[in-house]
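Me: Please take a close look at one part of this structure for me. Start with that part, then connect it to what surrounds it. Short sentences, please.

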Protein chains: 2
Amino acid sequence: MTRMVTQKDIARRAGVSVSVVSAVVNGTSHTRMSDETRERVEAVLTEVGYVPNDAARSLRRQRAGTIAVVVEKVDNPVYRDMFHGIYDAAEARGWAVVLGDTIWMQSGSHFLARLLGRGSIDGILLRHDGIIDETVMRLLRTQQTPVVTLEGRHAPDGRWLAVDDVGAGRIATAHLIELGHREIAYVGGGRAFVTTARYDGYVTQMREAGLTARALVATEFGFEAGSKGLVMALAQRPRPTAVVVNNVISGIGLLAAAHDAGLQIPEDLSVIAIHDAEIADNVRPTLSTVKLPMAELGTRAVEEIATALDGRPPRAGILHDPAPQVIMRGSSAPPTSGQPS
Amino acid sequence: MTRMVTQKDIARRAGVSVSVVSAVVNGTSHTRMSDETRERVEAVLTEVGYVPNDAARSLRRQRAGTIAVVVEKVDNPVYRDMFHGIYDAAEARGWAVVLGDTIWMQSGSHFLARLLGRGSIDGILLRHDGIIDETVMRLLRTQQTPVVTLEGRHAPDGRWLAVDDVGAGRIATAHLIELGHREIAYVGGGRAFVTTARYDGYVTQMREAGLTARALVATEFGFEAGSKGLVMALAQRPRPTAVVVNNVISGIGLLAAAHDAGLQIPEDLSVIAIHDAEIADNVRPTLSTVKLPMAELGTRAVEEIATALDGRPPRAGILHDPAPQVIMRGSSAPPTSGQPS
DNA sequence: CTGAAAGCGCTTACAG
DNA sequence: CTGAAAGCGCTTACAG
């Protein structure tokens with residue numbers, strides 16, 4: 001490992017001071033210099049392949065130029081658009097983005113240390129739904145690094161953003177009602193904030209349609225939540241002819257379980273899941289979903305970090321625009337007369 | 001935004017020098033001090049909630065304590081175990097891990113700047129299969145930050161690691177042969193390195209069994225590659241009774257396309273995909289796969305970074321242990337006599 | 001137009 | 001047992 005080449009080295013080789021080198025590197029016009037000098041420095045810079053030391057820069061500038069995004073499971077396809085939105089917005093502001101998984105945020109972990117310690121991360125976007133250790137949350141709240149919570153209501157200093165979960169629950173339910181269903185169940189998602197909101201939307205929509213809302217079939221997340229949820233939903237009386245599932249992954253799991261139970265989808269049961277993902281198009285039957293503006297959520301979250309760094313007041317809240325949108329696929333259809341009950 | 005509290009502040013409040021504070025913070029025994037002093041410092045430390053500045057630390061230590069992992073699509077479920085292996089190994093060595101997506105590595109992006117610039121990232125694990133801009137690769141090669149390439153053969157200074165792709169291709173093919181298939185096609189994955197290796201395994205295994213290997217049905221990656229691949233494979237004569245698919249995602253896509261084409265899986269066509277993921281269990285029919293030791297790959301990759309940082313020679317190569325393993329599910333079965341041809 | 005110097009917050013020899 | 005000082009590599013007022 002050879003020694004790092006510094007501005008000092010460049011200065012020596014170009015016969016100028018480090019101030020000049022720094023000015024050239026940063027494109028600062030403040031220190032005006034002759035074209036001749038600039039060219040000479042630039043020549044040396046590219047010749048030796050100079051790269052600035054980010055640690056030194058961050059220390060001096062008191063800003064790292066990097067924000068961290070921490071989510072529950074990085075491989076959840078639901079985040080794809082959000083990551084994209086975050087990346088674009090961050091790059092536009094001159095920030096790099098790094099990702100991490102919530103399960104890495106354990107007390108004492110080096111990942112957490114990097115998040116908490118100032119100097120390498122300027123802001124944190126956190127998808128948190130009550131799953132994080134309370135000690136860790138307290139630490140996070142105590143730190144000065146701004147934290148914007150995504151889809152949760154626990155934000156330190158009130159910086160939180162969420163998609164319209166109530167609206168998603170409503171529109172999913174409305175879709176099934178419009179198809180003619182009256183016996184509709186709500187499956188999945190445990191007792192987390194987002195579930196509560198989505199389930200609320202379901203309840204409201206059912207009531208408005210003069211239908212009776214059912215108890216939440218609470219089953220956590222993941223594929224398995226879908227299969228367990230199906231069994232529990234089918235045990236309800238009267239037997240539902242349609243279900244709203246709390247998320248795509250559980251929706252896929254529910255579809256698989258329905259297949260195993262010998263149910264025809266959508267003939268025997270209509271299914272719609274909240275959140276859209278590519279996989280919904282790649283299972284059979286395809287899965288109807290509600291698409292939420294995740295890319296916009298990401299963009300707004302980055303703006304909120306900027307707001308926090310500027311010391312401006314939070315603009316917390318729910319993203320109502322664009323509105324949740326039903327993407328009808330093969331898993332939802334009008335109820336059939338021959339539907340088992 | 002209040003000013004950051006520094007060791008200097010702690011020192012003043014505790015009535016000691018910063019050397020002592022630093023020693024307490026780092027648990028350094030070098031500077032022995034009285035228990036009384038240590039306790040006093042610790043009290044102040046916790047009282048004000050001191051957190052070290054990582055930028056200053058990195059600069060002084062000439063090491064950031066963070067490694068970056070950059071992969072093609074972070075939401076590819078294939079990486080889940082690998083991330084886990086990387087995280088565990090990194091934490092054990094005292095390193096934090098941050099994740100990024102390959103598509104962020106564009107010339108001029110701040111993400112790339114952070115990767116290239118020394119000081120904030122000590123090493124890079126890169127899943128690269130020929131998709132990255134050659135300019136970027138050259139920059140990466142030029143930098144001093146060690147890069148370990150995962151599943152590719154392009155590693156700068158020869159630090160690369162891969163799972164046994166040839167073995168995976170062989171064992172997948174062997175599985176179908178053992179079931180009694182003789183007309184077996186290979187679908188998906190374009191012309192990337194991993195594909196070449198897996199396809200090679202298929203060819204070898206076919207030959208050893210005295211069967212004729214077919215031309216690669218080259219269709220890139222993703223779900224769509226599976227559907228396109230199916231059409232192309234079915235056009236081959238004699239029509240195959242079984243296919244090896246280059247990866248799980250394409251395998252799912254192929255299953256969906258087969259359903260749309262009215263094919264019964266596995267009766268009309270047996271399918272096995274390389275790489276295992278939870279989703280393989282959650283589609284119907286379930287998808288047979290070959291599981292590769294991704295967690296171990298992650299662990300070894302972290303060790304390789306350590307090797308590089310210590311200036312020790314590369315231990316590049318293929319991970320043969322544990323060996324690829326067939327996970328038979330519902331998509332593969334013996335050929336049926338009534339199979340269409 | 002250019003240089004010398006201070007200082008960001010740490011760690012680590014070195015001196016006492 | 002503890003402190004003063006140097007220095008990691010930058011950026012930025014300030015002086016000339």
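Reply: Two strands count as paired here if DSSP finds at least two bridges between them. Keep in mind that this is a predicted model.

The part to look at is the open sheet of chain B. Five strands build this sheet, in the order β6-β7-β8-β9-β11 (chain B). Their pairing is mixed. In general, strands of a sheet pair through backbone hydrogen bonds, and the pairs may be parallel or antiparallel. The edge positions belong to β6 (184–187) and β11 (325–327) of chain B. Each of these two has a single partner strand, so one side of each has no neighbour in the sheet. On average, neighbouring strands of the chain B sheet are turned by 25° against each other, direction ignored.

Now one pair within it. Strand β8 (residues 270–274) of chain B and strand β9 (residues 288–291) of chain B run parallel. Three bridges join them. You can find one of the pairings by residue: Ile274(B) has Val290(B) in β9(B) as its bridge partner.

Chain A has its own sheet. It is open, has five strands and follows the order β6-β7-β8-β9-β11 (chain A), with mixed pairing. Its edges are β6 (184–187) and β11 (325–327) of chain A. Each pairs with a single strand, so each has one side without a neighbour in the sheet. The average turn between neighbouring strands of the chain A sheet is 25°, direction ignored. Look next at the β11(A) edge. Strand β9 (residues 288–291) of chain A runs antiparallel to β11(A), and three bridges join the two. Lys291(A) stands opposite Gln325(A) in β11(A).

Helices lie across the chain A sheet. Helix α8 (residues 165–179) of chain A lies across β6, β7 (242–245), β8 (270–274), β9 and β11 of chain A. Its angle to β8(A) is about 165°. Helix α11 (residues 248–260) of chain A lies across β6, β7, β8 and β9 of chain A. Helix α11(A) runs at about 155° to β8(A).

Now the domains. The assignment for chain A gives domain 1 (7–52), domain 2 (64–163 + 294–319) and domain 3 (165–292). Between the C-alpha centres of domain 1 and domain 2 of chain A lie 36 Å.

How do the two chains relate? Chain A superposes on chain B by a rotation of 180° with 0.0 Å of shift along its axis, at an RMSD of 0.0 Å. That is the relation of a two-fold axis. Asp75(A) is the residue of chain A that comes closest to the rotation axis, at 1.8 Å (C-alpha). Of the interface residues of chain A, 100% are also interface residues in chain B, so the copies meet through the same surface.

Last, the DNA. Around DNA strand C there are 28 residues, and Ser19(A), Met33(A), Ser22(B), Asn53(B) and Ala56(B) come nearest. Two or more residues each come from α2 (18–26) and α4 (54–61) of chain A and from α2 (18–26) and α4 (54–61) of chain B. α2(B) gives the most, with six residues. By class, the surface near DNA strand C has 12 nonpolar, 11 polar and five charged residues.

DNA strand D has 29 residues around it, and the nearest are Ser22(A), Asn53(A), Ala56(A), Ser19(B) and Met33(B). Here α2(A) supplies the largest share, six residues. The surface near DNA strand D divides into 12 nonpolar, 12 polar and five charged residues.

Key
Residues are numbered from 1 along each chain as its sequence is written. Chains are lettered from A and ligands numbered from 1 in the order in which they are written. This is a predicted model: local features need pLDDT of at least 70, side-chain atom pairs count only at pLDDT 80 or more; totals for chains, interfaces and linings use all residues. Copies are superposed by least squares on the C-alpha atoms of residues with pLDDT of at least 70 in both. Two residues are in contact if their C-beta atoms, placed from the backbone, lie within 7 Å. Helices (H or I, at least four residues) and strands (E, at least two) are DSSP runs, numbered from the N terminus. Axes are lines fitted to C-alpha atoms, for helices over the stretch in contact, and angles run from 0 to 180 degrees between N-to-C directions. Domain bounds come from an automatic or database domain assignment. A residue is near a molecule or strand if its C-beta atom, placed from the backbone, lies within 6 Å of it. Ala, Val, Leu, Ile, Met, Phe, Trp, Tyr, Cys and Pro count as nonpolar, Asp, Glu, Lys and Arg as charged, and the others, Gly among them, as polar.
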